[in-house]
Amino acid sequence: MSSCCCLSSGVTPTVQQQLEKTMGKTKEALPGTDVVVLLKGDGSMIYQHTTADVNASEAASVVVGLRRAARQLGDTLGQSRCPAIHVKGGSTVFSCFEVENDLVLAVFRRMDEALVDQLDTTESDAAINPVMEEIRVLMQAAV
């Protein structure tokens with residue numbers, strides 16, 4: 001199963017096509033990607049792509065809750081921001097990246113358990129940065 005969708009209203013067809021190409025680069029930057037969701041801070045979806053049977057609305061709600069918890073933890077520890085969150089499971093990795101203040105890129109990956117154990121999240125952050133920069137530029141052009 002594979003589904004892809006640009007959900008953002010007010011985005012021109014040209015920007016939608018460019019966003020589709022840019023979001024496709026996520027899979028190259030982060031191998032094993034099954035789900036990619038671009039969200040506004042309130043949880044409303046701008047874009048989603050999935051190759052797994054996932055309820056994207058439910059995932060969006062979880063991302064918003066995770067970001068809220070990360071901010072609270074950051075405030076407790078004296079950190080003003082948390083630009084990336086990675087949660088590793090046995091054979092899965094969930095990553096949530098702050099693209100801008102009100103824009104979040106959420107990625108769910110499946111991979112071999114040994115690869116999850118060896119995963120360097122700093123490398124993941126560096127690999128996704130060019131994609132996030134493209135998203136920033138596209139979304140600023142869309143406004």
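This is a short chat about helix packing, strand pairing and salt bridges in a predicted model.

Visitor: Let's begin with the helices. At what angle do α1 and α4 pack?

Guide: Helix α1, residues 13-29, and helix α4, residues 121-142, pack at an angle of about 170°. Their axes are 9 Å apart.

Visitor: Roughly parallel or roughly antiparallel, then?

Guide: Roughly antiparallel, because angles over 145 degrees count that way.

Visitor: Which residues meet there?

Guide: On the α1 side they include V15, L19, M23 and K25, and on the α4 side I128, V131, E134 and L138 are among them. The residues of this contact divide into 10 nonpolar, 3 polar and 2 charged.

Visitor: You listed K25 and E134. How far apart are their closest N and O atoms?

Guide: They are 2.8 Å apart, and the two residues form a salt bridge. K25 belongs to helix α1 and E134 to helix α4, with their positions 109 residues apart in the chain.

Visitor: Are those two buried or partly exposed?

Guide: K25 is partly exposed, at 32% relative accessible area. E134 is also partly exposed, at 29%.

Visitor: Switching to strands. How many residues of β6 are buried?

Guide: In strand β6, residues 103-110, 6 of the 8 residues are buried, so the strand is largely enclosed by the rest of the structure.

Visitor: And which strands pair with β6?

Guide: Strand β2, residues 33-40, pairs with β6 in the antiparallel sense over 7 bridges. Strand β5, residues 92-100, runs antiparallel to β6 and is joined to it by 8 bridges.

Visitor: What joins β5 to β6 along the chain?

Guide: A hairpin, through 2 residues.

Visitor: Got any specific bridge partners?

Guide: L39 has V104 in β6 as its bridge partner. For F97, the partner in β6 is L105.

Visitor: Back to salt bridges. How many does the structure hold?

Guide: It holds 4. One of them is R110 with D34, where the closest N and O atoms are 2.6 Å apart. R110 lies in strand β6 and D34 in strand β2, so this pair ties together parts 76 residues apart in sequence.

Visitor: Which of those two is buried?

Guide: D34 counts as buried, at 13% relative accessibility. R110 is partly exposed, at 45%.

Visitor: What does R67 form a salt bridge with?

Guide: With E98, the closest N and O atoms being 3.5 Å apart. R67 sits in helix α2, residues 56-77, and E98 in strand β5, 31 residues apart.

Visitor: Buried or exposed, that pair?

Guide: R67 is buried, at 8% relative accessible area, and E98 counts as buried at 12%.

Terms used:
Residues numbered from 1 in each chain as written. Predicted model: local features only at pLDDT ≥ 70, side-chain atom pairs only at ≥ 80, totals over all residues. Heavy atoms only, no water. Axes fitted to C-alpha atoms, helices over the stretch in contact; angles between N-to-C directions. Helix = DSSP H or I, 4+ residues; strand = E, 2+ residues; numbered from the N terminus. Parallel < 35°, antiparallel > 145°, perpendicular 65-115°, else oblique. Contact = heavy atoms within 4.5 Å. Nonpolar A, V, L, I, M, F, W, Y, C, P; charged D, E, K, R; others polar. Buried < 20%, exposed > 50% of the residue type's maximum accessible area, 1.4 Å probe, protein only. Pairing = 2+ DSSP bridges. Salt bridge = Lys/Arg side-chain N within 4 Å of Asp/Glu carboxyl O.
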